[in-house]
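Colleague: Before we discuss this assembly, could you put the sequence and the structure in front of us, so that we can go through the contacts and the folds one at a time?

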Amino acid sequence: MSTKSLGSDSFQLGVCYYPEHWSEQLWDDDFRRMKEMGFSIVRVAEFAWTIFEPEDGRFAFDLFDRALDTAHRHGLKIIMGTPTATPPAWLTHRYPEVLNARPDGVVYRHGQRRHYNYSSPVYRFYCERIVRRMARHYSEHPAVVGWQIDNELNCETNDFHSDADHIAFRQWTRKQYGTLDKLNVAWGTVFWSQTYTDWEQVFLTRPTPSNSPNPHQLLDEKRFISDNAISFARLQADIIREDAPNHWVTTNGLFGRLDNHEMTDELLNFFSYDSYPQFSSLEDPDHRESLRDRKWSLSLSESRSVSPQFCVMEQQSGPGGWVNQMEMPAPRPGQARLWTYQSIAHGADMLLYFRWRTATMGTEIYWHGINDYHNRPNRRVREIAQVGEELGRIGSLITGKSFQASIALLEDYDNVWDSEFDVWVRPLRWKSRDSWHKALQERHIPVDVVYMRESTTLEDLQRYEALVYAHATILTTERAALLDAYVKGGGTLIMGARTGYKDQRGQCRMIPFPGLAADWCGITVEDFTLCNANYPAAGAQWNDSGLSPLSTAIFNEVLSVESETAEIMATYTSEYYSGQAALSRNRYGQGTAWYLGSAFTEEAVHGILDRIGIASPAEGWVELPKQVELAIRGDIAFLLNYSQEPVQLNFLQPVTDLLSGNRLSELSELSPYGVLVIQR
Amino acid sequence: MSTKSLGSDSFQLGVCYYPEHWSEQLWDDDFRRMKEMGFSIVRVAEFAWTIFEPEDGRFAFDLFDRALDTAHRHGLKIIMGTPTATPPAWLTHRYPEVLNARPDGVVYRHGQRRHYNYSSPVYRFYCERIVRRMARHYSEHPAVVGWQIDNELNCETNDFHSDADHIAFRQWTRKQYGTLDKLNVAWGTVFWSQTYTDWEQVFLTRPTPSNSPNPHQLLDEKRFISDNAISFARLQADIIREDAPNHWVTTNGLFGRLDNHEMTDELLNFFSYDSYPQFSSLEDPDHRESLRDRKWSLSLSESRSVSPQFCVMEQQSGPGGWVNQMEMPAPRPGQARLWTYQSIAHGADMLLYFRWRTATMGTEIYWHGINDYHNRPNRRVREIAQVGEELGRIGSLITGKSFQASIALLEDYDNVWDSEFDVWVRPLRWKSRDSWHKALQERHIPVDVVYMRESTTLEDLQRYEALVYAHATILTTERAALLDAYVKGGGTLIMGARTGYKDQRGQCRMIPFPGLAADWCGITVEDFTLCNANYPAAGAQWNDSGLSPLSTAIFNEVLSVESETAEIMATYTSEYYSGQAALSRNRYGQGTAWYLGSAFTEEAVHGILDRIGIASPAEGWVELPKQVELAIRGDIAFLLNYSQEPVQLNFLQPVTDLLSGNRLSELSELSPYGVLVIQR
Amino acid sequence: MSTKSLGSDSFQLGVCYYPEHWSEQLWDDDFRRMKEMGFSIVRVAEFAWTIFEPEDGRFAFDLFDRALDTAHRHGLKIIMGTPTATPPAWLTHRYPEVLNARPDGVVYRHGQRRHYNYSSPVYRFYCERIVRRMARHYSEHPAVVGWQIDNELNCETNDFHSDADHIAFRQWTRKQYGTLDKLNVAWGTVFWSQTYTDWEQVFLTRPTPSNSPNPHQLLDEKRFISDNAISFARLQADIIREDAPNHWVTTNGLFGRLDNHEMTDELLNFFSYDSYPQFSSLEDPDHRESLRDRKWSLSLSESRSVSPQFCVMEQQSGPGGWVNQMEMPAPRPGQARLWTYQSIAHGADMLLYFRWRTATMGTEIYWHGINDYHNRPNRRVREIAQVGEELGRIGSLITGKSFQASIALLEDYDNVWDSEFDVWVRPLRWKSRDSWHKALQERHIPVDVVYMRESTTLEDLQRYEALVYAHATILTTERAALLDAYVKGGGTLIMGARTGYKDQRGQCRMIPFPGLAADWCGITVEDFTLCNANYPAAGAQWNDSGLSPLSTAIFNEVLSVESETAEIMATYTSEYYSGQAALSRNRYGQGTAWYLGSAFTEEAVHGILDRIGIASPAEGWVELPKQVELAIRGDIAFLLNYSQEPVQLNFLQPVTDLLSGNRLSELSELSPYGVLVIQR
């Protein structure tokens with residue numbers, strides 16, 4: 001497990017602020033009011049390159065010097081952002097090679113953000129210089145405590161196709177494979193005569209007929225993009241470590257094609273997440289059965305898998321969206337506060353709202369800050385001031401405590417990246433992820449996310465009674481060995497359709513399904529089909545008493561028992577494989593392995609959870625309705641009501657709510673979007 | 001108000017004709033039949049550049065000379081089109097810099113029309129030369145009476161991205177702002193470090209990640225495109241004025257990113273519109289609640305706002321569409337005639353059908369003319385001959401008379417252009433525009449459209465009892481002053497959500513909502529949210545007797561009364577703001593200002609109209625069903641039945657239908673698509 | 001009719017195999033098992049260019065020599081594929097001019113297949129060389145019997161926009177037209193001033209505003225693409241004829257913009273089709289009323305129109321799809337066997353499954369072969385082994401026999417290509433094609449497809465009692481003369497809306513609708529409209545006893561009887577043309593011509609078939625449910641059950657099923673996806 005955790009004694013609440021956007025006359029009042037609201041920390045400067053370097057090689061720190069001094073007078077601490085997400089016009093105009101490009105070669109131009117590439121030596125030169133100048137200038141400033149590198153790496157696009165990227169990818173493959181023979185084998189280039197005979201022929205994927213590049217090349221492309229982003233962050237981290245050695249370093253966001261675990265382990269002090277649960281108010285066709293804003297808890301669990309205690313660098317404070325897209329309604333009364341405690345319940349020990357006041361210009365005029373354009377009192381100011389007051393009282397009771405979970409969802413970057421392109425696997429993953437999260441939420445069973453990495457140990461896994469590795473299509477021998485030991489050692493492992501048939505290159509193994517997982521699962525897959533609207537997934541039922549139904553989805557595999565210790569737990573009830581096995585359970589060593597030949601529906605998850613017996617930590621002291629999430633950090637329990645209606649809780653033992661000081665026993669109402677924080 | 005109006009004593013009916021498309025043997029018969037049908041005017045030549053200039057610098061007028069002479073023999077008058085919408089292949093092939101380009105730089109090529117840009121000096125040279133040659137050649141031709149410049153400026157695309165356009169835009173910004181500091185302020189470039197430090201860095205918006213250019217730059221881009229189109233038209237208008245001083249000048253169409261008012265005031269004798277109501281038979285997801293072909297009345301009202309009496313240069317005469325898109329059914333019997341009177345009722349004093357005979361080749365083989373390919377008698381010929389006969393009798397009773405309306409919808413180009421890109425505002429505007437138009441149509445209250453321009457005077461506004469300025473997001477101090485005076489002076493002004501929070505640059509004002517409108521509205525907006533499928537707009541109800549419902553849509557603002565003279569007219573009945581104010585009315589000076597914190601639904605419009613007491617001019621003499629539009633020009637009333645069924649009218653006073661000569665009193669049936677023209 | 005038919009005494013069953021994809025240790029076992037399954041023929045090498053020519057000019061035949069020798073030892077025959085569909089990286093990297101490009105000029109790059117153009121002299125040089133080397137090397141190999149040229153010409157894309165293509169098109173137009181005057185007339189360039197004055201101005205269609213190129217130019221573009229593909233195939237065919245004169249030549253696939261009839265007649269020994277009926281399990285919005293996998297019978301009929309007996313070079317054997325698209329479920333038990341007999345029933349005398357074993361790498365890891373990655377026994381192996389056994393017994397009873405049909409659907413490339421772009425015609429064609437095919441299938445009336453070509457004779461047509469030429473928009477004088485003679489001679493010809501108004505250039509004739517068909521149809525079209533969701537097609541009814549309904553779709557034409565021999569068979573019952581003629585029948589010479597002023601609905605087809613009296617060949621010996629297809633080859637009847645349920649047949653005479661040897665009489669059950677082969 002990562003030890004790159006935020007190690008703070010007290011909870012730090014704060015806000016993102018852009019002094020360069022406002023009349024200097026507003027600053028003092030702004031900082032004063034921040035302090036009054038209970039804020040202690042402010043992030044600045046991450047989009048201010050032209051302020052710091054108005055012309056190539058001419059540097060100007062006076063604006064931020066004055067702003068930081070003012071903040072410091074009010075006792076606020078400062079996180080400096082490096083401004084490399086928004087290169088100046090003078091830079092991109094003179095050196096267009098620093099720009100990123102679409103897959104078809106069309107170059108992104110000035111006018112938005114994140115239009116650069118990580119590969120260009122010219123861009124790296126300019127980034128190094130501005131970061132070094134800023135680090136040196138602010139290394140001794142009494143207000144500054146840490147740095148955010150760039151802003152939201154791989155946001156806007158995580159696709160790179162500039163000439164510099166093609167060259168960097170070629171170098172990366174050369175380092176990775178050494179010889180073209182090895183590259184040809186890894187990419188399966190014998191298929192369709194794609195064999196490379198000179199390194200000069202190697203590029204990132206480019207336009208092809210039918211938009212269908214080589215899948216193994218594309219998997220490596222994603223590994224490259226992640227490595228390249230980390231290398232770009234490393235450039236900056238190394239400078240800050242050298243020139244501002246007393247400051248911590250982080251970066252913010254959880255975006256695609258980026259191994260946040262590796263980046264955090266190698267470069268950062270801790271991970272930071274940007275939490276915008278109101279995205280859930282938009283139509284989201286990929287997640288039809290989602291839990292709305294409550295599903296952000298799963299992203300927070302991902303963040304916790306990187307840093308057990310982390311920072312939320314941007315917490316949604318109001319309506320969101322750009323002028324031309326992502327139109328989000330206003331959070332309802334209490335909702336912004338609920339989301340704050342959602343972040344904290346999942347491990348945030350530092351949290352900054354985005355942003356102090358809504359921008360009056362530019363793309364983000366509808367990405368509302370706490371204050372409106374007009375700067376008068378409003379509902380958001382009142383609600384967040386309440387949070388500030390509360391955390392001032394109880395923050396230190398929470399800080400540093402660890403989230404408690406007895407079950408974990410396993411994940412790994414190979415499968416995340418490979419499945420993006422794989423239409424047989426991608427929908428399985430989304431469906432099962434949603435089903436597991438929703439069923440566990442409804443049963444009030446907290447869950448961790450664990451990434452299978454080179455550094456993952458058996459001990460890391462054995463912290464959990466049960467592990468769900470729903471569709472580990474790619475299963476390496478190393479990970480298989482770890483899982484084998486976990487089950488043998490007494491763990492419960494749950495797997496689903498399409499497990500284990502690919503290797504690390506995304507090529508298919510010439511061994512029976514489910515590949516390296518066959519041993520502990522005790523079954524093989526004899527026949528299979530994907531399902532769709534014209535070929536619906538079959539029904540199934542449990543074989544134990546009651547024959548209760550277990551719906552399947554997206555894929556149907558017909559299982560054959562291969563081991564004496566395996567038993568068929570559920571059988572199909574329709575299609576030509578009616579009566580054949582859909583779900584198996586194998587006793588293996590001291591443990592148990594479940595295998596479902598399908599995506600997991602919620603019904604399937606509930607059926608399995610009924611039988612493996614993982615209890616909610618609510619058991620024995622409180623009865624909770626479905627609308628409420630339970631999260632535990634050490635001795636602190638968080639109860640979060642995501643519903644617009646008040647709900648009834650039943651406390652079997654009297655407890656005290658730290659927020660209100662109320663003593664709660666027996667039936668008790670929790671208000672719409674209400675929060676309870678209980679020490680037990 | 002514009003004085004650029006068509007000043008004609010007699011109604012002129014005519015048709016568009018392409019002699020170059022047909023065997024010369026057909027011409028005489030064609031012109032003879034035109035005359036028989038009651039036509040007096042013919043438009044020609046607007047796509048005939050290669051006829052006039054088959055090679056660079058070689059000119060040939062013989063084909064059109066013969067055609068015009070033939071037309072003249074039949075007593076027909078001619079409108080010459082300048083042929084600049086379709087540059088010859090020899091021109092674009094030799095000088096590709098004259099071509100327009102997609103935003104990503106891909107150049108549009110020969111093979112369609114309107115593939116050129118307005119900026120290229122080369123293109124302007126060639127346009128000047130061909131227009132001058134044509135003007136000189138035809139200035140004394142006895143048949144020619146006027147000129148159409150180009151054809152449908154900004155049709156096909158109103159997006160320009162050629163190199164010449166980038167350069168012209170840079171010059172435009174330089175002229176507009178003088179210094180880069182001013183440009184940087186206007187475009188809010190401090191946001192995301194977009195500051196420009198050299199004019200060479202300034203371009204029209206170009207490809208960015210997430211397709212999201214700077215919104216203030218984009219607003220200026222639209223202003224530039226309009227100015228540039230006008231400048232291109234001016235080039236031609238000046239030549240015609242100089243070389244054919246006895247001819248009038250117009251151009252046709254009502255397309256985006258073009259200030260038709262400015263163009264007409266500065267260059268033209270009058271405005272011309274191209275009316276194709278059958279577009280309404282296509283699926284149109286943006287206008288789900290539209291009035292179908294009857295909604296063309298609103299476009300005709302826009303045309304009337306440019307020229308009180310205008311020309312319809314192209315009136316739909318049959319099924320329409322290109323070979324590969326826009327597939328329109330045939331107008332039903334009577335429908336083409338109905339649409340003709342729709343145009344006339346709204347102010348057309350000259351009207352040409354498009355086109356004499358359907359093209360047998362090219363993109364428009366399904367854009368049917370009056371005659372079919374086969375040139376035999378058909379239903380369209382018969383119907384339009386009837387119109388010709390009728391207008392021959394009654395046209396002069398209508399010509400020159402002014403449309404009568406006591407209410408107007410306010411509009412301005414700043415908001416039209418800014419809202420195109422703004423997803424918070426665009427749907428508000430469409431919804432409210434539809435609701436107002438539909439409700440006024442159903443109540444038989446004629447309505448004008450008035451554009452707020454620099455030249456707009458208080459007198460222009462005071463012609464109306466009531467003005468609707470539904471979502472004037474951008475509200476300049478000049479316009480605010482005018483509106484203030486209008487209300488103070490006794491007018492009724494009705495405004496809706498998101499009024500007044502932006503300035504002319506599209507940046508947000510740091511004053512409470514609704515900005516400069518707060519004074520006369522007497523309220524501020526305390527809390528607000530946009531609404532969507534996942535967050536439905538709240539219900540509301542009227543506070544006066546009956547508590548009748550008033551539905552809201554798209555946006556909900558919670559109003560706070562700030563003035564003693566303001567009263568809450570309706571309150572929300574759901575959501576967390578239930579019981580709070582949704583609609584206010586403020587007595588201000590001698591007048592009244594209404595403010596609705598939402599888009600206007602039809603229900604809301606009817607509720608407001610019930611209370612402000614604007615009567616239909618039908619009152620007292622005829623009772624009309626909803627299917628019938630009433631329009632008044634001077635002493636002439638037009639009754640238009642848009643329905644496929646006959647409808648019942650009830651004449652309280654006897655009247656005479658000028659078309660049929662019938663005396664109508666008490667219950668009277670109006671046939672499907674039927675028209676009555678009544679002098680009172 | 002074509003004589004380019006597969007002339008084989010015995011049925012040849014086989015499989016596609018890629019020795020280069022597998023460890024050489026697997027080969028012997030693979031070939032042995034093929035032989036055991038009843039396979040006699042194997043296709044290889046069509047994607048193996050880099051195996052044969054690993055570097056420019058260095059050739060290596062050893063891998064395939066060893067593979068072919070092994071196959072030969074097992075008594076298998078070999079079809080060699082020329083590998084030109086997948087140029088090596090060294091070729092495309094060094095000579096990017098060989099690559100194809102998108103319409104906007106973006107070049108397709110290495111990483112998939114079919115990314116080259118047919119026009120580049122460089123590509124033709126390299127293709128010639130590799131084909132010649134292969135032909136010479138394998139001309140005397142005892143296993144090799146024939147060649148497949150390239151692979152699936154015009155698959156992936158049939159759009160070409162490389163510089164080489166533009167040049168080749170210019171040469172093609174020059175040859176076609178001789179003078180620019182003729183080209184200008186053919187393309188109707190007088191419309192919109194598109195006149196060409198220099199050959200250098202002539203290009204394939206390029207980007208235009210509104211994506212709307214000249215339709216006549218586009219029609220020629222498709223003719224060019226077909227000619228160019230054939231010319232590319234000819235290059236290879238000529239070499240093989242010269243250097244491997246004892247081998248036959250074919251190519252595979254049925255793709256757009258390619259005149260397979262001309263190609264086969266000129267270059268090939270017979271036509272080969274690739275049959276993947278499981279595509280029907282995907283959502284297909286263009287074919288909502290399709291017959292699912294049974295509609296592949298129509299494509300097989302198209303193949304039969306090229307070669308009366310043909311080869312299926314790729315027959316689907318399992319689930320299909322690429323890693324990122326086209327996700328197909330598994331065929332259900334019996335379905336792959338059913339599809340095999342579907343191919344055979346329609347004229348296949350040679351059939352190879354795609355492919356022996358699923359690829360473990362590359363784009364097609366989900367395009368399943370007979371064997372799974374793991375190479376163990378599976379359901380597919382068992383099912384296809386059964387087919388091998390059956391055809392070993394009965395194949396020779398079928399081979400060489402001709403499909404029997406008394407009705408044919410007429411088709412021609414002019415209309416296929418012209419209608420792709422024409423939104424008035426395209427939906428008519430799809431609707432009517434579906435309706436005719438479905439109704440004939442349900443009535444168990446086998447149907448041929450006949451392409452109207454220059455070589456088509458009256459005798460070719462007179463083989464059929466009735467011909468359906470549903471929407472022959474383009475009708476040439478030659479084809480009209482042939483049809484006239486067919487009807488006069490006693491045939492029944494059925495035509496639908498929009499017949500005959502275009503000439504071969506796609507330009508509209510200046511004669512009344514239905515143009516050249518008016519004579520034998522005995523009607524003209526007076527009024528017409530296309531219909532859509534906002535303007536629904538009218539109802540109609542039969543005028544004979546019962547007044548049974550006849551629904552119309554997409555278009556409504558109002559017919560006027562022009563001939564004494566014509567009678568109105570059905571009249572419209574709604575819309576303004578209610579009571580007017582929708583369907584006519586004309587006695588003309590010895591024959592009859594029907595004309596329907598609409599697309600054909602299934603209801604309309606059944607009504608017409610009820611009245612023209614074409615019987616099913618099932619009549620008198622078996623009663624069949626709708627789910628079963630009947631196909632006849634000579635004295636062999638095939639009964640194919642496409643349903644997942646068993647169905648009841650009623651044999652009025654006892655027959656013997658050749659597959660099972662069962663004697664069938666009276667009621668008999670046919671299993672799900674079951675097949676009967678009966679000799680009568």
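Modeller: Here is the model, which is predicted. We can begin where chain B meets chain A, a contact that takes 49 residues from chain A and 47 residues from chain B.

Colleague: Which element gives the most to the side of chain B that touches chain A?

Modeller: Two elements of chain B give two or more residues to that side, namely helix H8 (215-243) and strand E13 (523-530). With 4 residues, the element that gives the most is E13(B).

Colleague: How many charged residues does the side of chain B that touches chain A have?

Modeller: Taken by class, that side of chain B has 22 nonpolar and 18 polar residues. The remaining class is the charged one, and its count is 7.

Colleague: Turning to the other contact of chain A, which element supplies the largest share of the side of chain C that touches chain A?

Modeller: This contact takes 49 residues from chain C and 47 residues from chain A. On the chain C side, helix H2 (49-52) and helix H4 (89-94) each supply at least two residues. The largest share, 3 residues, comes from H4(C).

Colleague: And how many residues of the side of chain C that touches chain A are nonpolar?

Modeller: The residues on that side of chain C include 17 polar and 11 charged ones. The nonpolar residues there number 21.

Colleague: What relation links chain C to chain A?

Modeller: Chain C can be laid on chain A by a turn of 120 degrees with a shift of 0.0 Å along the axis, and the RMSD is then 0.1 Å. A turn of this kind without a shift is therefore the relation of a three-fold axis.

Colleague: Which residue of chain B comes closest to the rotation axis?

Modeller: For chain B, the superposition on chain A is again a turn of 120 degrees with a shift of 0.0 Å along the axis, at an RMSD of 0.0 Å. In chain C, the residue that comes closest to its rotation axis is C:Val106, with its C-alpha at 5.5 Å. In chain B, where the closest C-alpha also lies at 5.5 Å, the residue is B:Val106.

Colleague: Within chain B, what is the handedness of the crossing of H1(B) and H3(B)?

Modeller: Helix H1 (residues 24-36) and helix H3 (residues 62-73) of chain B pack with their axes 9 Å apart, at an angle of about 35 degrees. H1(B) brings B:Trp27, B:Asp28 and B:Phe31 to the contact, while H3(B) brings B:Ala67, B:Thr70 and B:Ala71. By class this contact has 4 nonpolar, 1 polar and 1 charged residues. The crossing itself is right-handed.

Colleague: In the open sheet of chain C, which residue of E24(C) is the bridge partner of C:Ile636?

Modeller: The sheet has 3 strands in the order E20-E21-E24, with antiparallel pairing, and its edge strands are E20 (628-633) and E24 (675-679), each of which pairs on one side only. From one strand to the next the twist averages 15 degrees. Strand E21 (residues 636-641) pairs with E24(C) over 5 bridges in the antiparallel sense. The bridge partner of C:Ile636 in E24(C) is C:Gln679.

Colleague: How far apart do the end C-alpha atoms of residues 629-680 of chain A lie?

Modeller: In an unreviewed entry, UniProt lists these residues of chain A as "domain: Beta-galactosidase C-terminal". The span is 65% strand and 0% helix, and its end C-alpha atoms lie apart by 17 Å.

Definitions and conventions:
Residues are numbered from 1 along each chain as its sequence is written. Chains are lettered from A and ligands numbered from 1 in the order in which they are written. This is a predicted model: local features need pLDDT of at least 70, side-chain atom pairs count only at pLDDT 80 or more; totals for chains, interfaces and linings use all residues. UniProt positions are given in the numbering used here, feature names are shortened, and annotations may be inferred rather than shown by experiment. Copies are superposed by least squares on the C-alpha atoms of residues with pLDDT of at least 70 in both. Two residues are in contact if their C-beta atoms, placed from the backbone, lie within 7 Å. Ala, Val, Leu, Ile, Met, Phe, Trp, Tyr, Cys and Pro count as nonpolar, Asp, Glu, Lys and Arg as charged, and the others, Gly among them, as polar. Two strands pair if DSSP finds at least two bridges between them. Axes are lines fitted to C-alpha atoms, for helices over the stretch in contact, and angles run from 0 to 180 degrees between N-to-C directions. A crossing is left-handed if the near helix is turned anticlockwise from the far one by less than a right angle, and right-handed if clockwise.
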